Amino acid sequence: MNKKQHDHFRAVLNAWKKELEDEIARTVQQMRDVPENPPDPNDRASQETDMSLELRSRDRERKLIKKIDEALDRIDTGDYGYCEVCGVEIGVERLEARPTAELCIDCKTLDEIREKQMG
């Protein structure tokens, strides 16, 4: 990968990370603004369900931010864009679709087959 490609993916990853962090901040603010316990039991149940789904989404996003940080570290070390298993260069098209990709398409396919067989 050349410097221009590294710069492009660094910008993509940083923009994605900022977007996720903004969503997390929005959720925190929203949770502060929501009334503690609505008097109606149905409203309360609905609010709890909504918050549970929102928190689960934010937890997934928190894990994604960690993967983004790892990808940014790989850019800094020069390892970005290479498969962690076989060392082959990951295609730019795959990185455009999934900038945090750590495996080439062949290794990822084998990994998914193994995962499916294990249960």
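The following dialogue examines how several labels applied to this predicted model are justified.

Biologist: What makes R58 count as buried or exposed?

Modeller: The relative accessibility of R58 is 11%. Buried means under 20%, so R58 counts as buried.

Biologist: Why is E23 called partly exposed?

Modeller: E23 has 29% relative accessibility. The partly exposed class lies between the limits of 20% and 50%, and E23 therefore belongs to it.

Biologist: How do you know that R58 and E23 form a salt bridge?

Modeller: The distance from N to O between their side chains is 3.2 Å. The cut-off is 4 Å between a side-chain nitrogen of Lys or Arg and a carboxyl oxygen of Asp or Glu, so the pair qualifies. R58 lies in helix α2 and E23 in helix α1, so the bridge ties together parts that are 35 residues apart in sequence.

Biologist: What makes R58 and E61 a salt bridge, and where do the two residues lie?

Modeller: Their side chains meet at 2.6 Å, N to O, and the limit is 4 Å. Both residues lie in helix α2, three residues apart, about one turn of the helix. E61 is buried, because its relative accessible area of 16% falls under 20%. R58 and E61 also belong to a network of salt bridges that links them with E23, R26 and E54.

Biologist: Why is the contact between R62 and D59 called a salt bridge?

Modeller: The closest N and O atoms are 2.5 Å apart, and the rule asks for a distance within 4 Å. R62, with a relative accessible area of 48%, is partly exposed, and D59, at 30%, also counts as partly exposed. By this rule the count comes to 13 salt bridges.

Biologist: Why is the aromatic pair of F9 and Y80 called tilted?

Modeller: The centres are 5.6 Å apart, and rings pair within 6.5 Å. The planes meet at 50 degrees; under 30 degrees would be stacked and over 60 edge-to-face, so the pair is tilted. F9 is in helix α1 and Y80 in the loop between α2 and α3, 71 residues apart. Both F9 and Y80 are buried.

Biologist: How do you know whether the chain matches a compact globule in radius of gyration?

Modeller: A compact globule of 119 residues would have a radius of gyration near 14 Å, whereas the chain has 19 Å. The chain does not match that value. Its C-alpha trace spans about 60 × 40 × 20 Å along the principal axes, and the chain has four helices and zero strands.

Key. Residues are numbered from 1 along each chain as its sequence is written. This is a predicted model: local features need pLDDT of at least 70, side-chain atom pairs count only at pLDDT 80 or more; totals for chains, interfaces and linings use all residues. Side-chain values use heavy atoms; hydrogens and water are left out. Rings of Phe, Tyr and Trp (its six-membered ring) pair if their centres lie within 6.5 Å; planes under 30 degrees apart count as stacked, over 60 as edge-to-face and the rest as tilted. Buried means under 20% relative accessible area, exposed over 50%, partly exposed in between (1.4 Å probe, protein chains only). The radius of gyration is taken over C-alpha atoms; the globule rule is 2.2 Å times the number of residues to the power 0.38.
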